[in-house]
Amino acid sequence: MGFDVGIVGKPSSGKTSFTNAACMTDFKVGSYPFTTIDANVGVTHVRTACACRDLGVEDDPKNSICIDGVRLVPVKLIDVAGLVPGAHSGRGMGNQFLDDLRQADVLIHIVDASGSLDSEGQEVSSGSHDPAEDVRFLEEELVEWMLGIVKKDWRRMTGRVRSEGAKLEELLLEKLSGLKITRGHILKAIRASELKSETVDKWTDDETRLFVKTLQAVSKPIIIAANKIDRPGAEENYERLKSEFPDYLVVPVTALAEKVLKDLDKKGTIKYIPGDDDFSILKEDDLGEGERTQLEKLREQILKKYGGTGVQNILNRAVFDYLKMITVYPVQDANSYQDGDGNVLPDVFLVPEGTTAKEFAGYIHTDLMESFIHGVDARTKMRISDKHVLKDRDVIKIVSAKGQK
Ligand SMILES: Nc1nc2c(ncn2[C@@H]2O[C@H](COP(=O)(O)OP(=O)(O)OP(=O)(O)O)[C@@H](O)[C@H]2O)c(=O)[nH]1
Ligand SMILES: [Mg+2]
């Protein structure tokens, strides 16, 4: 199972900087709008406590990384072109970037919290732009985009529901499946909007819009990165964003600081684990006087104050709080926690909360689900049935009729 996080926001808000910091990529960053045109795709990680620690074993991670008992699980980021008001009707880079977001499971909205860019990404004097406006217009654009897709062939579709008794959710599913929208998302959105699918031909424009807005919130929830938190005025705006949008998750972020720390860690100058609220200096001599002062400032004014640079924090919250994922470790030997090649706890999967043992087998391989016999909880060595609901950090062996994993 892969998870895709869409990185969205107006031009120059720091989307590519965030992606580079998270993925250690080198995509082009620039202080002028529309530096990014074609989407950049990178791989980063969410962090969780690794099962190796409580099992007391040394692990050999394959599909992920383990540093000092912290397991880093890969997720994909899609960094798209900047979005300007009216994009759905072709302004700026238009709709293309929206199409790049089809595969996203969750969106991180990179907001310039310093308020020094207008809604088109052009520099204005610091603090003169209200970032709350950006939050509103981005959602508006997404809803318009989805509405355009839903409304296509609307009359014919609603006619089929009325005269042929076709199911609205099935017709919508066909239209929207390319957007990673599931039947569950559609049903949830109809319910939450208090609408009836049988009478869809009588929905008013406002009701249809409400349904699409709910569908967007359910299928591609937005969380907000108050980026450039290191800049003057950003803290105030961050506080205001939190109080103006109590239903959103707003996380203070500095993509710039995260990149600095990771680069120094890569060089071996400091030790910094992404998401930590501190670092240690390993090679004092590699740092000039100015650099040391900058680093100390970063430690006090960012890491200590906000509990980290926010890059890792927002990714973790997107995957674990919003998408409600848990981590499960498949093994072939329930006693040694190894795969067939002797690797201890080689893989970890992100699966939705509520996943059963049999569904988990399906995530590993379709064959394994089809020939599923039972599972074994490697922590307790107990047999588990197909319907057994897995917990976070479970270590599971699947026993199937077609060989095992
Ligand atoms: N101070 C500070 N500057 C940042 C931060 N993140 C990005 N920047 C700067 O903001 C400018 C724009 O960064 P990009 O990452 O290219 O922004 P973008 O959103 O990808 O822009 P487009 O691709 O044009 O839409 C660059 O000058 C970055 O150095 C941050 O956390 N703090
Ligand atoms: Mg960019």
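Student: What covers the buried residues of H7?

Tutor: The cover includes helix H6 (168–176) and H8. The model is predicted.

Student: Which residues of H7 are the buried ones?

Tutor: His185, Ile186, Ala189 and Ile190 are the buried residues of H7.

Student: What makes these buried residues line one face of the helix?

Tutor: Looking down the axis of H7, one finds its buried residues within an arc of 130°, so they line one face of the helix. On the other side of H7, Arg191 and Ala192 are exposed. H7 is followed by glutamate 194, which has a positive phi, near 55°.

Student: How many aromatic pairs does a search of the whole structure find?

Tutor: The search finds five aromatic pairs.

Student: Why is the pair of tryptophan 154 and tryptophan 203 called tilted?

Tutor: The ring centres are 6.2 Å apart, and a pair needs centres within 6.5 Å, so the two rings count as a pair. Their planes stand at 45°, which is neither under 30 degrees (stacked) nor over 60 (edge-to-face), so the pair is tilted.

Student: Which parts of the chain does that pair link?

Tutor: Distant ones: tryptophan 154 is in helix H5 (residues 154–164), while tryptophan 203 is in the loop between helix H7 (183–192) and helix H8 (205–219), 49 residues apart. Both tryptophan 154 and tryptophan 203 are buried. Ring pairs also join Trp154, Trp203 and Phe211 into a cluster.

Student: What makes the pair of phenylalanine 245 and tyrosine 248 edge-to-face?

Tutor: The angle between the planes is 80°, over the 60 degrees that edge-to-face requires. The distance of 5.5 Å centre to centre is within 6.5 Å, so the rings qualify as a pair.

Student: Why does phenylalanine 245 count as buried?

Tutor: Its relative accessibility is 10%, and buried means under 20%, so phenylalanine 245 counts as buried.

Student: What lies over the face of phenylalanine 279?

Tutor: Arginine 299 does, at 4.2 Å from the ring centre. That value is within the 6 Å allowed for a charge over a ring.

Student: Where is aspartate 105 found, and why is this residue called buried?

Tutor: Aspartate 105 is in the loop between helix H3 (96–100) and strand S5 (106–112). With a relative accessible area of 14%, under the cut-off of 20%, aspartate 105 is therefore buried. Among the residues aspartate 105 touches, leaving aside those up to four places away in sequence, are Gly2, Phe3, Pro221 and Leu323. The C-alpha atoms of aspartate 105 and phenylalanine 3 are 6.5 Å apart, although 102 residues separate the two along the chain.

Student: How do you know that aspartate 105 makes a polar contact with lysine 180?

Tutor: Their side chains come to 3.0 Å, and the limit for a polar contact is 3.5 Å.

Student: Where does threonine 254 lie, and why is this residue called buried?

Tutor: Threonine 254 lies in the loop between strand S7 (250–252) and helix H10 (255–267). Its relative accessible area is 0%, which is under 20%, so threonine 254 is buried. A polar contact of 3.1 Å joins the side chain of threonine 254 to that of aspartate 230. Asp230 is also one of the residues on the contact list of threonine 254, a list that includes Ile302 and Val311.

Student: What coordinates the magnesium ion (ligand 2)?

Tutor: Thr16 (OG1) and Thr36 (OG1) do, at 2.0 to 2.1 Å. Threonine 16 belongs to helix H1 (residues 15–23), whereas threonine 36 is in the loop between H1 and strand S2 (40–49), 20 residues apart.

Student: How do you know that threonine 16 is buried?

Tutor: The relative accessible area of threonine 16 is 7%, under 20%, so the residue is buried. Threonine 36, at 10% relative accessibility, counts as buried by that cut-off too.

Student: Why is arginine 71 called buried?

Tutor: Arginine 71 has a relative accessible area of 0%, and under 20% means buried, so the term applies. Arginine 71 lies in strand S4 (residues 70–79), and its side chain makes a polar contact of 2.8 Å with the side chain of serine 64.

Student: Why does glycine 92 count as partly exposed?

Tutor: Its relative accessibility is 46%, neither under 20% (buried) nor over 50% (exposed), so glycine 92 is partly exposed. Glycine 92 is in the loop between S4 and H3 and touches Phe34 and Val84, not counting residues up to four places away in sequence.

Terms used:
Residues are numbered from 1 along each chain as its sequence is written. Chains are lettered from A and ligands numbered from 1 in the order in which they are written. This is a predicted model: local features need pLDDT of at least 70, side-chain atom pairs count only at pLDDT 80 or more; totals for chains, interfaces and linings use all residues. Side-chain values use heavy atoms; hydrogens and water are left out. Rings of Phe, Tyr and Trp (its six-membered ring) pair if their centres lie within 6.5 Å; planes under 30 degrees apart count as stacked, over 60 as edge-to-face and the rest as tilted. Helices (H or I, at least four residues) and strands (E, at least two) are DSSP runs, numbered from the N terminus. Buried means under 20% relative accessible area, exposed over 50%, partly exposed in between (1.4 Å probe, protein chains only). A charge sits over a ring if NZ of Lys or CZ of Arg is within 6 Å of the ring centre and within 35 degrees of the ring normal. Contact means heavy atoms within 4.5 Å. A polar contact is a pair of N or O atoms within 3.5 Å; within protein, one must be able to donate a hydrogen and the other to accept it, and residues adjacent in sequence count only if both atoms are side-chain atoms. Donors are N, O and S atoms within 2.8 Å of the metal (3.2 Å for Na, K and Ca); water is not among the atoms, so sites may look incomplete. The arc is that of the directions from the helix axis to the C-beta atoms.
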